[in-house]
Amino acid sequence: MVDYTIEHWTTGQTDLNGENSLAISISINNRAATRQAIINHVRQSGMNFIERSNWAAHKNRSQRMRDDWDYTKIAIHHAGRSFNCGPAALQLQDIQDMQMNRGVDAMDDIGYHYALDCFGNVFEGRGIRFKGENVSHYNTGVIGIVLLENLSSSDEGYDSVTAIRKFLHRMGFDPTPSVPEIQRQSIAKFINILCDFFHINTLGGHREFPGQSGEGKICPGNVGLTLVGELRKTTGLSAP
Ligand SMILES: [Zn+2]
């Protein structure tokens with residue numbers, strides 16, 4: 001019983017409650033407190049944190065969503081080949097719309113837990129108490145973070161989008177993307193914050209998790225993957 005308690009205790013709860021006697025069973029309130037403590041840490045670290053209600057997220061289908069909590073892994077995504085740095089609230093609304101309204105594959109909310117825009121701001125996706133839907137076969141115990149731009153080079157992929165991008169690249173358009181420095185700093189800080197709250201041991205780009213298909217085989221792009229490799233070095237986290 002005691003071991004169970006310690007394993008499920010996080011610094012966020014310690015900060016807020018002090019008493020570990022409350023940790024025997026983690027209630028929804030503890031999780032809500034941890035969510036808020038993460039937000040507070042982000043803001044104390046000098047970054048903006050935008051909660052779901054402030055980017056006008058649609059209501060989720062929470063009655064169908066499953067809980068998750070003992071996170072050990074972080075998956076990094078890019079928004080996709082059709083995205084550029086832009087207004088994050090609109091991008092998140094688009095992503096949520098697309099993901100919640102795609103027929104048999106429809107999700108119950110945006111699939112990612114957090115998003116970072118090109119200006120280093122951190123956005124809340126689905127609540128951290130809910131299991132993510134962003135990595136095929138690996139969602140349990142995985143915190144999903146999306147970087148709100150395209151981080152793939154023009155030659156990635158094998159479809160008509162790639163053919164057009166290759167052509168544009170040769171013509172001098174569609175330059176290879178780079179991660180804005182402010183966003184690079186924010187994601188490094190944010191991962192460190194998450195490591196303070198959960199026993200994270202693994203950091204991977206989406207496609208590094210085995211068995212991905214479709215856009216998941218490209219995500220988070222060559223540029224995104226280079227960033228993930230650098231972050232693994234500075235954090236000491238392992239590859240999937
Ligand atoms: Zn992805």
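Hi everyone. Let me start with one residue, His 137, which sits in the loop between β4 and β5. Its phi is positive, about 70 degrees, although His 137 is not a glycine. Is His 137 buried or exposed? With 9 C-beta neighbours inside 10 Å, His 137 counts as exposed.

Before I go on, please keep in mind that this is a predicted model.

Now let's step back to the whole chain. You can find 7 helices and 6 strands in it. Going along the sequence, the order is α-α-α-β-β-α-β-β-β-α-α-β-α. The chain has 240 residues, and 35% of them count as buried. Here is a number about how the chain folds back on itself: take the contacts between residues at least 6 apart in sequence, and 72% of them join residues at least 24 apart.

Next, the sheet. In which order do the strands of the open sheet lie? The order is β1-β4-β3-β5-β2-β6, with 6 strands and mixed pairing. β1 (49–50) and β6 (202–205) are the edge strands, and each of them pairs on one side only. As a quick reminder, strands of a sheet pair through backbone hydrogen bonds, either parallel or antiparallel.

We have both kinds of pairing here. β3 and β4 run antiparallel to each other, paired over 3 bridges. One pair to look for is Leu 116 with its bridge partner Val 122 in β4. β2, on the other hand, pairs with β5 in the parallel sense, over 6 bridges. β2 also pairs with β6, again parallel, over 4 bridges. Ala 75 is a nice residue to click on: its bridge partner in β5 is Gly 144, and in β6 it stands opposite Gly 204.

Let's stay with β2 for a moment. How many residues of β2 are buried? The count is 6 of the 6, so β2 is largely enclosed by the rest of the structure. In a regular strand the side chains alternate between the two faces of the sheet. In β2, Lys 73, Ala 75 and His 77 point one way, while Ile 74, Ile 76 and His 78 point the other way.

That brings us to the core. In soluble globular proteins, nonpolar side chains tend to be buried together. The largest nonpolar core of this model has 41 residues, and the ones with the most contacts inside it are Ile 74, Ala 115, Leu 116, Ile 145 and Leu 194. Several elements give two or more residues to this core, including α3 (28–44), β2 (73–78), β5 (142–147) and α6 (181–197). At least three residues of the core come from domain 1 (1–44), and at least three from domain 2 (48–235).

Leu 194 is a good way into the helix side of the story. Setting aside residues up to four places away in sequence, Leu 194 touches Ile 74, Ile 143 and Ile 200. Leu 194 is also one of the buried residues of α6, along with Gln 183, Ser 186, Ile 187, Phe 190, Ile 191 and Phe 197. Why do the buried residues of α6 line one face of the helix? Seen down the axis, they fall within an arc of 135 degrees, so they line one face. It helps to remember that an α-helix has 3.6 residues a turn, so residues three or four places apart point the same way.

We can check the length of α6 too. At 1.5 Å a residue, its 17 residues should span 24 Å, and the end C-alpha atoms are 25 Å apart, which agrees.

To finish, some loops. Arg 129 is in the loop between β4 and β5, and it is partly exposed, with 18 other C-beta atoms within 10 Å. Leaving aside neighbours within four places in sequence, Arg 129 is in contact with Arg 31, Arg 35, Asp 67 and Trp 69. The C-alpha atoms of Arg 129 and Met 65 are separated by 9.8 Å, with their positions 64 residues apart along the chain.

In the loop between β1 and β2 you will find Ala 56, a residue other than glycine whose phi is positive, near 60 degrees. Ala 56 counts as exposed, with 11 C-beta neighbours inside 10 Å. And in the loop between β6 and α7 there is Pro 220, joined to Cys 219 by a cis peptide bond, with omega about 0 degrees.

Thanks for listening!

Technical notes: Residues numbered from 1 in each chain as written. Predicted model: local features only at pLDDT ≥ 70, side-chain atom pairs only at ≥ 80, totals over all residues. Buried ≥ 20, exposed ≤ 12 C-beta atoms within 10 Å, placed from the backbone. Contact = placed C-beta atoms within 7 Å. Core = buried A, V, L, I, M, F, W, Y, C linked by C-beta atoms within 7 Å. Domains from an automatic or database assignment. Expected span 1.5 Å × (residues − 1). Arc of directions from axis to C-beta. Pairing = 2+ DSSP bridges.
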